[in-house]
Every structure is written in structure tokens, then in C-alpha cells.
Amino acid sequence: MKFLFSIILIIVLGGIAQLFLPWWTLVVITFLVAFAFRLNSWQGFFAGFLGIFLLWAIYAFFLNQANEGILASRMGDLFSLPGGASGTLIISALVGGLLGGLGAVTGTFGRELL
């Protein structure tokens with residue numbers, strides 16, 4: 001239950017933070033959530049990964065729809081990504097998910113130190 005709640009909390013806090021703060025504050029948020037909820041290392045990684053992956057995938061999808069997919073398709077063509085626009089969206093969500101997962105693992109290991 002705390003795993004699911006931590007994913008939802010990461011999405012909500014991350015979405016609010018992204019409106020006002022830089023992108024890297026998501027790592028701090030996943031760190032704090034994993035630290036506070038006493039998740040083990042695997043739970044922490046997957047909670048951080050899924051939370052930020054879903055947040056960035058949904059946000060990138062809405063941004064892509066707002067400009068009719070022009071930017072994402074051009075970025076996909078520039079980097080020769082398979083799938084064009086959808087490849088760009090998936091790659092950006094994966095990068096965000098990895099950052100969130102590593103931030104959460106750092107939080108769980110920091111909790112173990114204390």
C-alpha cells in the first residue's frame with residue numbers, strides 16, 4: 001500500500017514542483033519520499049522510476065498534442081530514433097524514470113545510514 005501511495009505522491013509533488021522549480025527537483029522529491037516512507041531499495045527504485053516515468057510521459061504527451069507532434073517528430077528524425085515522435089516521448093520518459101529511480105534509491109540508502 002505504501003508503494004502505491006508513494007508513486008501517487010511522487011506524481012503529485014513532482015507535477016506541482018515542475019510548475020515552479022527546475023527539472024532536477026524531481027530527484028530531490030523522490031529522495032524525500034523514499035526516505036520518509038522507509039521503502040526498501042527495490043521498492044524505492046521502482047516507485048521513483050514509475051512515478052517520474054508516468055509524470056514525464058503524460059506531460060510530454062500533452063505537450064506533443066499541443067504542437068501537433070512537430071517538435072517531437074523533428075527531434076526523432078534528428079537523432080534517428082525509431083518511431084519518430086513516439087520514440088522521442090518514450091526516451092524522455094525513460095531518462096526521467098531513471099533519474100527518479102536513482103534519487104529514490106539514494107533516499108533508501110540514506111535512510112539505512114541513519
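Helices (H or I, at least four residues) and strands (E, at least two) are taken here as DSSP runs, numbered from the N terminus. By that count, N64 sits in helix α3. The structure is a predicted model, so local features need pLDDT of at least 70 and side-chain atom pairs count only at pLDDT 80 or more, while totals for chains, interfaces and linings use all residues. Residues are numbered from 1 along each chain as its sequence is written, and side-chain values use heavy atoms, with hydrogens and water left out.

On the whole, the protein has five helices and zero strands, giving the pattern α-α-α-α-α when read along the sequence. The C-alpha trace spans about 50 × 25 × 25 Å along its principal axes. Of the 114 residues, 37% count as buried, where buried means under 20% relative accessible area, exposed means over 50% and partly exposed lies in between (1.4 Å probe, protein chains only). Contact is taken as heavy atoms within 4.5 Å. Among contacts between residues at least 6 apart in sequence, 75% join residues at least 24 apart.

Now to helix α2. The expected span of a helix is 1.5 Å times one less than its number of residues. For the 13 residues of α2 (residues 25–37) that comes to 18 Å, and the end C-alpha atoms are indeed 18 Å apart, which agrees. The buried residues of α2 are T25, L26, I29, T30, V33 and A34. An α-helix has 3.6 residues a turn, so residues three or four places apart point the same way. The buried set of α2 packs against α1 (2–20), α3 (41–66) and α5 (85–113).

Two packed helices are described by the angle between their axes and the distance between the axes. Axes here are lines fitted to C-alpha atoms, for helices over the stretch in contact, with angles running from 0 to 180 degrees between N-to-C directions. For α2 and α5, the angle is about 40° and the axes are 7 Å apart. That makes the pair oblique, given that angles under 35 degrees count as roughly parallel, over 145 as roughly antiparallel, 65 to 115 as roughly perpendicular and the rest as oblique. The crossing of α2 past α5 is right-handed; a crossing is left-handed if the near helix is turned anticlockwise from the far one by less than a right angle, and right-handed if clockwise. On the α2 side, the contact is made by V27, T30, F31, A34 and F35, and α5 brings in L99, G100, G103, A104, T106, G107, T108, G110 and R111. These residues divide into six nonpolar, seven polar and one charged, with Ala, Val, Leu, Ile, Met, Phe, Trp, Tyr, Cys and Pro counted as nonpolar, Asp, Glu, Lys and Arg as charged, and the others, Gly among them, as polar.

Just after α2 comes R38, in the loop between α2 and α3. Its phi is near 55°, a positive value in a residue other than glycine. R38 is exposed, with a relative accessible area of 58%.

Back in α3, N64 is buried at a relative accessible area of 12%. Setting aside neighbours within four places in sequence, N64 touches G69, A72, A85 and L89. A93, in helix α5, is buried too, at 1% relative accessibility. Beyond its neighbours within four places in sequence, A93 is in contact with F53, W56 and A57. The C-alpha atoms of A93 and N40, 53 residues apart along the chain, are separated by 23 Å.
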